[in-house]
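Here is a short guided tour for anyone who likes to look at a model with the viewer open. Take a moment with the display below, and then we will walk through it together.

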Amino acid sequence: MAASPGPAGVGGAGAVQGSGPSGFAFDSGLEIKTRSVEQTLLPLVSQITTLINHKDNTKKSDKTLQAIQRVGQAVNLAVGRFVKVGEAIANENWDLKEEINIACIEAKQAGETIAALTDVSSLNHPESDGQITIFTDKTGVIKAARLLLSSVTKVLLLADRVVIKQIITSRNKVLATMERLEKVNSFQEFVQIFSQFGNEMVEFAHLTGDRQNDLKDEKKKAKMAAARAVLEKCTMMLLTASKTCLRHPHCESAHKNKGGVFDRMKVALDKVIEIVTDSKPNGETDNSSISIFAGIKEFKMNIETLRENLYFQSKENLSAMLEVILERTEDFTDSAYTSHEHRERILELSTQARRELQQLISVWIQAQSKKTKSIAEELELSILKISHSLNELKKELHSTATQLVADLLRYHADHVVLKALKLTGVEGNLEGLAEYACKLSEQKEQLVEIISAAETLTLHPSSKIAKENLDVFCEAWESQISDMSTLLREINDVFEGRRGEKYGYLSLPKPMKNNANLKSLKPDKADSEEQAKIAKLGLKLGLLTSDANCEIEKWGDQESEIIRCGRNMARVAYSLYLFTRGEGPLKTSQDLIHQLEVFADEGLQLASSVQAFSKQLKDDDKLMLLLEINKLIPLCHQLQTITKTPLQNQVFLKVDKCITKTRSMMAILVQLLSLCYKLLKKLQMENNRWVSVTNKDSVDGKT
């Protein structure tokens with residue numbers, strides 16, 4: 001699947017425990033703490049600068065002296081907190097310990113110096129005449145302020161290296177577990193490894209989420225968000241693709257399907273590391289960031305310098321720059337999907353730009369030898385003409401691109417091809433599959449995973465897991481189309497100068513009429529921290545859903561009330577996970593509340609079913625189940641209470657609480673399903689043994 005931006009805060013900022021490079025426990029919140037201390041220090045240092053520039057002849061009132069002293073003390077306290085964080089990082093990273101400690105010592109000395117020099121409370125008293133202060137030693141306080149900024153910067157850079165190292169280590173752990181998943185042959189082994197893989201992906205998501213929030217470059221931030229969204233979606237697809245492979249081990253298309261997901265995840269992991277380390281593999285240069293728009297902007301800046309300096313640029317350089325821009329437009333003119341009108345207009349504007357550059361160069365040469373007013377006016381006119389042509393070219397390219405995307409969105413709006421693909425798979429229709437696979441491939445060459453999933457279902461039309469797998473891949477494609485539609489609107493807004501509000505989650509609750517409980521749920525714009533928190537909770541919920549499905553799969557075709565409730569809870573939890581991403585069937589607050597009520601009811605029914613099952617068990621085994629039930633029932637009641645309690649203008653608080661409770665209930669569900677399965681097997685073995693002994697006794701009696 002193509003990279004999707006996804007919610008900008010997936011993973012979000014927060015202190016998360018993870019395993020560091022040397023096996024130490026590393027708090028990724030350390031970077032956040034150092035930055036918060038830095039944000040405290042910088043304004044204070046700015047105040048110091050103001051105080052340094054304080055006029056000597058100004059009367060030093062008590063109020064002024066107290067203000068100076070407070071600033072100095074505040075700086076020293078902030079430096080103290082900063083040094084503690086730096087020392088904690090140093091103690092966990094022996095390879096950087098010496099460098100960090102030296103920088104911390106410098107910062108501490110600078111803070112103490114500033115505190116001493118700003119200790120001016122006694123200046124109006126005669127006994128303080130010989131005291132060295134900010135007023136008598138401005139040079140000293142300037143040096144201390146510079147040393148402070150320098151040492152803080154050093155610590156931050158070294159802490160940055162630690163974070164990068166941790167992200168790389170986390171990526172390597174994920175890759176190692178992925179290799180094990182690729183080679184797994186039994187379902188039981190797969191469940192165990194996939195559970196570990198899920199935990200490692202959560203850790204990686206947290207670390208990269210913190211990093212994404214910290215990036216200053218908007219392009220890098222968008223690329224990071226896209227790569228992380230691919231990983232998140234692929235984690236869900238990998239589950240069903242792997243299960244299909246295990247169920248149909250000799251099916252070539254199933255292996256192709258799973259291999260495609262693994263490949264896509266590896267590419268996304270490499271992309272994250274590339275952004276984090278700011279490097280390309282094998283020392284390649286990143287030309288993808290040099291867009292046509294950026295090229296046009298740079299070209300216009302260069303020709304505008306001719307107004308001030310006729311010798312600053314070379315003719316050859318400008319000609320080469322224009323050719324690079326026009327060469328990139330061939331992506332549009334060579335595309336089979338570009339309309340004839342757009343193609344002709346792009347070619348016409350390209351020819352016009354070349355012609356006007358030649359005219360500009362001709363006037364430019366004349367202007368270098370003749371310094372007349374008419375030549376200067378002609379040069380100005382030439383600059384304006386080529387600038388106008390390039391602006392028109394930019395508009396035409398934008399119009400062409402948005403038209404292509406809009407056509408694609410219209411084509412896929414009702415998902416006719418996906419529905420047909422599913423139908424041909426269930427019917428086992430290979431001819432129909434080939435036809436619709438061809439139509440889908442025309443729009444996106446990288447849709448091989450969906451097509452291979454459909455091929456597997458076509459070859460095994462009665463396979464439940466193959467059908468589930470195709471459904472998951474189709475949902476992922478539908479979400480891509482939704483993301484593309486949102487991005488198209490945002491891009492058009494920016495291009496046309498409308499910096500309107502972002503098109504956020506469709507899942508943000510909206511007030512529903514005729515519902516007293518929901519009147520307080522007014523539309524509320526999420527800030528990035530709230531979005532990040534909900535997205536992080538959603539990711540964990542999604543992985544718990546996968547764990548629950550793995551446990552349900554162990555039961556095979558056995559049907560029981562426990563499995564029915566577990567399956568329903570997993571289904572609702574998955575729709576809630578999609579909700580946190582702005583996807584899936586839940587669109588309004590009413591949808592959300594209804595699903596949460598269903599989830600709580602299913603949880604209580606599950607508790608009742610497990611309690612009934614426990615009556616067949618021995619006391620020790622029964623106790624284990626009852627302990628889990630006693631955790632689940634209160635959570636169900638708490639969730640019911642939250643859904644019925646109006647929270648005035650606190651939509652995100654309510655969503656946060658609901659998702660947190662749901663996640664806790666899903667964790668218990670996974671435990672209960674695993675425990676019930678083991679105890680059921682144990683009970684069946686004991687019953688079989690009893691039947692066997694009874695039969696033997698019966699035979700012996702007859703003998």
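At roughly what angle do the axes of α5 and α7 cross?

## How α5 meets α7

The model is predicted, and in it the axes of α5 and α7 cross at roughly 30 degrees, coming within 12 Å. The crossing of α5 past α7 is left-handed. On the α5 side, the contact is made by Phe 197, Met 201, Phe 204, Thr 208 and Arg 211. The α7 side brings Met 265, Leu 269, Val 272 and Val 276. Sorted by class, this contact holds seven nonpolar residues, one polar residue and one charged residue.

## Overall make-up and confidence

Stepping back, the protein has 703 residues, and 48% of them count as buried. Its secondary structure consists of 21 helices and two strands. Among contacts with a separation of 6 or more, 76% join residues 24 or more positions apart.

How much trust does the predictor place in all this? The average pLDDT is 76, and 77% of the residues score at least 70. Confidence is highest in α7, at 91, and lowest in strand β1 (residues 17-19), where the mean is 33. The pLDDT is below 50 over residues 1-29, a stretch that still has 101 contacts in the model beyond near neighbours in sequence. Residues 500-526 also stay under 50, and the model has 64 contacts for them beyond four places in sequence. Where pLDDT is low, the predicted coordinates should not be read in detail.

## Two nonpolar cores

The largest nonpolar core has 53 residues. Those with the most contacts inside it are Leu 181, Phe 197, Leu 231, Leu 238, Val 261 and Met 265. Several helices each supply at least two residues of this core: α4 (138-183), α5 (187-214), α6 (218-247), α7 (252-277), α12 (373-412), α13 (416-427), α15 (448-459) and α16 (464-495). A second, separate core has 51 residues, including Ile 562, Phe 579, Phe 613 and Leu 617.

Phe 197 is a handy residue to click on, since we have already met it in the contact of α5 with α7. Beyond four places in sequence, Phe 197 touches Val 174, Thr 177, Met 178, Leu 181, Thr 235, Leu 238 and Met 265.

## Residues in α4 and α16

Is Ala 145 of helix α4 buried or exposed? Ala 145 counts as buried because its relative accessibility is 9%, under the 20% cut-off. The C-alpha atoms of Ala 145 and Ala 107 are separated by 9.4 Å, and the two residues are 38 apart along the chain.

Glu 468 sits in helix α16 and is partly exposed, with a relative accessible area of 27%. Leaving aside neighbours within four places in sequence, Glu 468 is in contact with Thr 240 and Lys 243. Lys 243 is 225 residues away from Glu 468 along the chain, yet their C-alpha atoms are separated by 10.0 Å.

## Sequence neighbours in α21

Thr 662 belongs to helix α21 (residues 651-702), and so does Lys 661. Which class does each fall into? Thr 662, at 0% relative accessibility, counts as buried, whereas Lys 661 is partly exposed, with a relative accessible area of 22%.

Their contacts beyond four places in sequence can be listed in turn. Thr 662 touches Leu 541, Leu 576, Leu 596, Phe 599 and Leu 639. Lys 661 touches Leu 635, Gln 638, Leu 639 and Ile 642. Leu 639 thus appears in the list for Thr 662 and in the list for Lys 661. From C-alpha to C-alpha, Lys 661 and Ile 642 are 9.5 Å apart, with their positions 19 residues apart in sequence.

## A buried glutamine in α19

The last stop is Gln 595, in helix α19 (residues 589-614). Why does Gln 595 count as buried? Its relative accessible area is 15%, and buried means under 20%. Which residues does Gln 595 contact, leaving aside its neighbours within four places in sequence? They are Arg 571, Val 572, Ser 575 and Leu 586. Gln 595 also lies 8.2 Å from Leu 576, C-alpha to C-alpha, the two being 19 residues apart in sequence.

Conventions
Residues are numbered from 1 along each chain as its sequence is written. This is a predicted model: local features need pLDDT of at least 70, side-chain atom pairs count only at pLDDT 80 or more; totals for chains, interfaces and linings use all residues. Side-chain values use heavy atoms; hydrogens and water are left out. A nonpolar core is a set of buried Ala, Val, Leu, Ile, Met, Phe, Trp, Tyr and Cys residues joined through side-chain atoms within 4.5 Å. Buried means under 20% relative accessible area, exposed over 50%, partly exposed in between (1.4 Å probe, protein chains only). Helices (H or I, at least four residues) and strands (E, at least two) are DSSP runs, numbered from the N terminus. Contact means heavy atoms within 4.5 Å. Axes are lines fitted to C-alpha atoms, for helices over the stretch in contact, and angles run from 0 to 180 degrees between N-to-C directions. A crossing is left-handed if the near helix is turned anticlockwise from the far one by less than a right angle, and right-handed if clockwise. Ala, Val, Leu, Ile, Met, Phe, Trp, Tyr, Cys and Pro count as nonpolar, Asp, Glu, Lys and Arg as charged, and the others, Gly among them, as polar. pLDDT is the predictor's confidence in each residue, from 0 to 100.
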